[in-house]
Amino acid sequence: MKILILEDDENLRAVLAKRLTASGFTVDSAEDGEEGLAYLAAGSYDAVISDIMMPVMDGLRFLTAVRAKKIDVPVILLTALDGNGDIVKGLDMGADDYIVKPFEFSELLARIRLVTRRHAGLRENTLTAGDLTLDLGSRTAARGGKSIELSAKEFDLMALLVRNKGIVMTRERICDRLYGADEAIGSNAVDVYIRYLRKKIDDGFDTKLIHTVRGVGYVVKE
């Protein structure tokens, strides 16, 4: 598995590269987003670990450029303890996960496994969350072996949440992914579809999959 590290702190960059290499990864590293884009243009990676605060091109500008270029690679953001605003921006812009400095190396490994496993699942025809299964080919849903009838928009929304399970999706990000930035859709439409989905997906089951993060958005948890 090949990892790209973007970090302007030379010592931290070296430590991460050394420990990831010792853990069996192939590692390239860069000190800013501009250099990181050059690496991505030259080869493919299974994941990118990117600091947010970097010179020349910071992590958020790097992320914007990556998604604009349709580069399909999981990105984990590194952020300081007081960087909550940057975390929200990063997730809205297409980051797959984040980790707050200082962090345990074991946590970083777990995050890498999570995003790469989730990303690999996107290449398959089936998405799962607990006992819920979404077949992307036939666009059918089932939970606990029982078929669930979903409208086209309900299916798209549930698939989006399951693809990003464990990650809080803001209403704005959901609107952008489902409708596109050029289509003016109120975030209350998302709330309406979530209510529909809860009745179909969660009602009658002890374990609820769809959760509200008050004031932010929604997340699917197994």
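## A walk through the model, starting in helix α5

Select residues 105-122 to bring up helix α5, and pick out Arg111 and Glu107: both sit in this helix, 4 residues apart, or about one turn. Show their side chains and you'll find a salt bridge, with the closest N and O atoms 3.1 Å apart. Turn on a surface and check how much of each one shows. Arg111 is partly exposed, since its relative accessible area is 24%. Glu107 is partly exposed too, at 31% relative accessibility.

Before moving on, remember that this is a predicted model. Colour the protein chain by pLDDT: the mean is 87, and 92% of the residues reach 70 or more. Strand β1, residues 2-6, has the highest confidence, at 95, while helix α4, residues 84-92, has the lowest, at a mean of 76. Where pLDDT is low, don't read the predicted coordinates in detail.

**Still in α5: Ala110**

Stay in helix α5 and click on Ala110, which also belongs there. Ala110 is partly exposed, because its relative accessible area is 34%. Now draw a distance from its C-alpha to that of Gly215: the two residues are 105 apart along the chain, and the line comes out at 28 Å.

**Just before α5: a cis proline**

Step back to Pro102, in the loop between β5 and α5. Look at the peptide bond leading into it from Lys101: this bond is cis, with omega near -10°.

**More salt bridges**

How many salt bridges does the structure hold? There are 10 of them, and a few deserve a stop.

Select Asp96 and Arg67 next. Their side chains meet in a salt bridge at 3.0 Å, N to O. Asp96 is in the loop between α4 and β5 (97-100), and Arg67 is in helix α3 (residues 59-68), so this pair ties together parts that are 29 residues apart in sequence. Is each partner buried or exposed? Asp96 is buried, with a relative accessible area of 15%. Arg67, on the other hand, is partly exposed, at 22%.

Now go to Arg171 and Asp191, whose salt bridge has its closest N and O atoms 2.9 Å apart. This pair also links distant parts of the chain: Arg171 is in helix α7 and Asp191 in helix α8 (residues 188-202), 20 residues apart. Switch the surface on again here, and note that both Arg171 and Asp191 are buried.

For a set of three, select Glu7, Asp51 and Lys101: salt bridges with shared partners join them into one network. You have already met Lys101, on the leading side of the cis bond to Pro102.

**Next door in α7: Glu172**

Back to helix α7, residues 171-179, where you'll find Glu172. Glu172 counts as exposed because its relative accessible area is 53%, above the 50% cut-off. Draw another C-alpha distance, this time to Val216: the two are 44 residues apart along the chain, with 9.3 Å between them.

**Two positive phi values**

Which backbone angle should you check at Val56? Look at phi, which is near 65°, a positive value in a residue other than glycine. Val56 is in the loop between β3 (47-51) and α3, and it is exposed, at 54% relative accessibility.

Then jump to Arg139, which isn't a glycine either but has a positive phi of about 55°. Where is Arg139 found? Look in the loop between β7 (132-135) and β8 (140-143). Arg139 is partly exposed, as its relative accessible area is 39%.

**Last stop: a charged patch**

Finish by selecting Asp8, Asp9, Glu10 and Glu31, which form a negative surface patch. Click on Glu31 to see where that member comes from: the loop between β2 (26-30) and α2 (33-42). Is Glu31 buried or partly exposed? At 40% relative accessibility, Glu31 counts as partly exposed.

Note on methods: Residues numbered from 1 in each chain as written. Predicted model: local features only at pLDDT ≥ 70, side-chain atom pairs only at ≥ 80, totals over all residues. Heavy atoms only, no water. Patch = residues over 30% accessible without salt bridge, like charges linked within 9 Å, V, L, I, M, F, W, Y side chains within 5 Å. Areas by Shrake-Rupley, 256 points an atom, 1.4 Å probe, with all protein chains shown as cover. Salt bridge = Lys/Arg side-chain N within 4 Å of Asp/Glu carboxyl O. Lys, Arg positive; Asp, Glu negative; His and termini not counted. Charge placed at Lys NZ, Arg CZ, Asp CG, Glu CD. Buried < 20%, exposed > 50% of the residue type's maximum accessible area, 1.4 Å probe, protein only. pLDDT = per-residue confidence, 0-100.
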